[in-house]
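Thanks for coming, everyone. I'll put the model on the screen, and then we'll walk through it piece by piece.

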Amino acid sequence: MMEIYEMMDGRPVRTDEIKEDVWINLVAPTVEEIDLVQGFLGIDREALTSALDDEEGSRTEVSKDYTLILVDAPTREWRNSREEFTTYPVSITVTDTAIVTVCLQELFAISNITSGKVKGKSIFDVSNRARFVLQILFRIAINYQTDLKYIEVKRMAIEESIRKATRRDDLFELHELESNLVYFKTSLSVNASIIERMSKQSRFVSTPEDRDLMDDVIIETNQALEMTMTYSQIIKGTRQLVEADLNNSLALVMKFLTSITLIIAIPTMLASFYGMNVSLPGEDFEYAYVVLLVAMVALCALSIWGLRRKGLWKRSETWRRPSAAIPA
């Protein structure tokens, strides 16, 4: 998909013509679209297709015809029947004629600008190349923070859920969130180094306004990185809590079942003795069967009382709440 925007009153407006001072946004472009943009801008094809490899590393590349900035941006996708977070490379190619952004997936950072949903009174101007690039990088950093806050909300919901009932699905969901944060941490670390390198180049900080915006980009990116590291530690602790609770529930269940086995062994042992084909005391007594039953019940009750005193006859809370049963 190819979208072309020109700026009117500080806002992007769709146009069908590739001309001077436009922003070309390519999302999973076709070969024909790449050929069209390449023919108009006269830049290397590799600069336009670098972001189409989802394993491409972030970098900056400067040539006499263009400047390429390749960073990772956050997005969401469906995996394992649930919405997950990941990152995709997005390239920003700056030329004397236009700015081209390329990505395999539609990004919130880009769609927020094109839809005019950016908060505040941001004025976009493609003719000011450096400012426009920094504004895109700023939106990427903000979207990282937005997704991180949503991840934290999901973690808190899981934590609230395990207070009522510990489920194995909670453990898998926490693992998915932890994996998502690994992608974020890796991408943000590289993005921070790329932006730090850009801040030392005069083409991106030629005015005080550009310097202020660059500082904002650095601050927001570093803040997103710190949030990622903090949330990673919190989710790791929550996952360990779920694992410990599941193990404790299993231990309580096994202890209770072992206690039942010990109690059942008493009548089994007595019945085995009097089931032998040998002479035994009281075998001629008329009510020997009744005495044996009473003795079995008394011994079982005495054993249960002894186990209770030692804390070995305590059922798990999981057994007391049917909704909290651990699924197989």
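Strand 1, residues 2-8, runs antiparallel to strand 2, and 5 bridges join the two. Keep in mind that this is a predicted model. Within the pair, M8 faces R11 of strand 2. Strands 1 and 2 make a hairpin, with 2 residues between them.

Look at the turn. D9 sits in that loop between strand 1 and strand 2. Its phi is positive, about 55 degrees, and yet D9 is not a glycine. Buried or exposed, then, for D9? Exposed: the relative accessibility of D9 is 82%.

There is another backbone case to flag. D21 is not a glycine either, and D21 has a positive phi of about 55 degrees. You'll find D21 in the loop between strand 2 and strand 3. D21 counts as partly exposed, because its relative accessibility is 33%, and that class lies between the 20% and 50% cut-offs.

Back to strand 1, for E6. E6 lies in that strand. E6 counts as buried, because its relative accessibility is 16%, and the limit for buried is under 20%. What does the side chain of E6 make a polar contact with? The side chain of K19, at 2.8 Å. Now leave aside neighbours within four places in sequence. E6 is then in contact with R11, P12, V13, T15, K19 and V22.

Zoom out to the sheet. It is open, with 7 strands in the order 2-1-3-7-6-5-4, and the pairing is mixed. Which strands sit at the edges? Strand 2, residues 11-15, and strand 4, residues 59-62; each of them pairs on one side only. Ignoring direction, neighbouring strands are turned by 30 degrees against each other on average.

Next, the helices on this sheet. Helix 4 covers residues 129-164. It lies across strand 1, strand 3, strand 5, strand 6 and strand 7. Against strand 5, helix 4 runs at about 25 degrees. Helix 5, residues 168-198, packs on the sheet as well. Helix 5 touches strand 4, strand 5 and strand 6, and its direction makes about 15 degrees with that of strand 6.

How do helix 4 and helix 5 pack with each other? The angle is about 160 degrees, and the axes are 11 Å apart. Therefore helix 4 is roughly antiparallel to helix 5, since the label applies to angles over 145. The crossing of helix 4 and helix 5 is left-handed. On the helix 4 side, the contact residues include V133, L134, L137, Y144, L148 and I151. Charged names turn up there too, among them D147, K154 and R155. From helix 5, the contact includes L174, L177, L181, F184, L188 and I195. D170, E173 and N191 of helix 5 are also part of it.

Last stop: A47. This residue is in helix 2, residues 45-49. A47 is buried, with a relative accessible area of 2%. Which residues does A47 touch, not counting those up to four places away in sequence? Y66, L68, S91 and T93. One distance for your notes: the C-alpha atoms of A47 and I69 are separated by 9.4 Å. Along the chain, A47 and I69 are 22 residues apart.

To recap the two burial cases: E6 is buried at 16%, and A47 is buried at 2%. That's my tour, over to you.

Definitions and conventions
Residues are numbered from 1 along each chain as its sequence is written. This is a predicted model: local features need pLDDT of at least 70, side-chain atom pairs count only at pLDDT 80 or more; totals for chains, interfaces and linings use all residues. Side-chain values use heavy atoms; hydrogens and water are left out. Two strands pair if DSSP finds at least two bridges between them. Helices (H or I, at least four residues) and strands (E, at least two) are DSSP runs, numbered from the N terminus. Axes are lines fitted to C-alpha atoms, for helices over the stretch in contact, and angles run from 0 to 180 degrees between N-to-C directions. Contact means heavy atoms within 4.5 Å. Buried means under 20% relative accessible area, exposed over 50%, partly exposed in between (1.4 Å probe, protein chains only). A polar contact is a pair of N or O atoms within 3.5 Å; within protein, one must be able to donate a hydrogen and the other to accept it, and residues adjacent in sequence count only if both atoms are side-chain atoms. Angles under 35 degrees count as roughly parallel, over 145 as roughly antiparallel, 65 to 115 as roughly perpendicular and the rest as oblique. A crossing is left-handed if the near helix is turned anticlockwise from the far one by less than a right angle, and right-handed if clockwise.
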